[in-house]
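Trainee: I am new to this structure and would like a close look at a single part of it. Please take me slowly through the way its strands are joined, and then show me what surrounds them.

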Amino acid sequence: MTALTAEQETWAAELRAHGRRVTKQRLAVLAAVQHHPHSPAEGILAAARQELPELTAQSVYVVLSDLTDLEMLRRFEPPHSPALYETRVGDNHHHAVCTSCGRVEDVDCAVGHAPCLTPHWSGNSKPMTIRIADVLYQGICQDCQSKQQLPVNLT
Ligand SMILES: [Zn+2]
Ligand SMILES: [Zn+2]
């Protein structure tokens, strides 16, 4: 393998810390997710193949699920969307999704650590110890909003 970039060195060290071998496949998937945050597996496959054309869909799925288990990647599933992946992990950030075009933006955690919110339990529910509050904001992005405001019969 050629010399690793600083970014790849960090991932290599993390992989080794988890007892994983540092492979071209794993590094290509990490780079693809890093450079295309909030991408579905298909998009990650396409991006990673630019670097590693022999990469198979199957191996990308395996790597994605393994790295998610190791918490080197975070996976989240907005409604009506395939699972999306990102390398921004461990900071308890949330997501805003445009209900019109599916665009996803990160939203920083309001308190800076999990859980971001604590529930108010109603009388007939049994309170739980909350570890994570994963908030999904849904709205309309600026692009979709400006499209919707265009005059209708502009020809
Ligand atoms: Zn939109
Ligand atoms: Zn995110």
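**Strands and their partners**

Mentor: A good place to begin is Phe 76, whose bridge partner is Leu 84 in β3. Everything here rests on a predicted model, in which local features need pLDDT of at least 70 and side-chain atom pairs count only at pLDDT 80 or more, while totals for chains, interfaces and linings use all residues. Residues are numbered from 1 along each chain as its sequence is written, and chains are lettered from A and ligands numbered from 1 in the order in which they are written.

The bridge at Phe 76 belongs to a set of 3 that join β2 to strand β3, residues 84-86, with the two strands running antiparallel. Here strands (E, at least two residues) and helices (H or I, at least four) are DSSP runs numbered from the N terminus, and two strands pair if DSSP finds at least two bridges between them. Strand β3 takes the middle place in an open sheet of 3 strands, ordered β1-β3-β2 and paired in antiparallel fashion. At its edges lie β1 and β2, the latter covering 74-76, and each of them pairs on one side only.

The other open sheet to look at also has 3 strands, but its order is β5-β4-β6 and its pairing is mixed. Its edge strands, each pairing on one side only, are β5 at 104-107 and β6 at 136-139. From one strand to the next, the twist averages 25°.

The mixture becomes clear when you stand on β4 and look to either side. Towards β5, strand β4 (residues 94-98) is held by 4 bridges, and these two strands run antiparallel. Along that pairing, His 94 stands opposite Val 107, and Val 97 stands opposite Val 104. Towards β6, there are again 4 bridges from β4, but this time the strands run parallel, and here Ala 96 stands opposite Tyr 137.

The links between these strands hold some backbone details that deserve your attention. Most residues other than glycine have a negative phi, and most peptide bonds are trans. In the hairpin of β4 and β5, where 5 residues lie between the strands, Gly 102 takes a positive phi near 85°. Further along, the loop between β5 and β6 holds Pro 115, and the peptide bond that leads into Pro 115 from Ala 114 is cis, with omega near -15°. Before the other sheet, in the loop between α2 (24-35) and β1 (39-40), you will find His 38, a residue other than glycine whose phi is nevertheless positive, near 60°.

Now step back to see where the strands sit. The protein has 5 helices and 6 strands in total, and when you read along the sequence they follow one another as α-α-β-α-α-β-β-β-β-β-α. Among the helices, α3 (residues 41-51) and α4 (residues 57-69) have axes that come within 10 Å of each other and cross at roughly 115°; such axes are lines fitted to C-alpha atoms, for helices over the stretch in contact, with angles from 0 to 180 degrees between N-to-C directions. Where these helices meet, Ala 41, Ile 44, Leu 45 and Ala 48 of α3 face Ala 57, Val 60, Tyr 61 and Leu 64 of α4, a contact being counted when C-beta atoms, placed from the backbone, lie within 7 Å.

Finally, the protein is divided into domain 1, at 6-76, and domain 2, at 90-148, with bounds that come from an automatic or database domain assignment. The centres of the two domains, taken over C-alpha atoms, are separated by 25 Å, and along its principal axes the C-alpha trace of the whole protein spans about 60 × 50 × 25 Å.

Terms used:
Contact = placed C-beta atoms within 7 Å.
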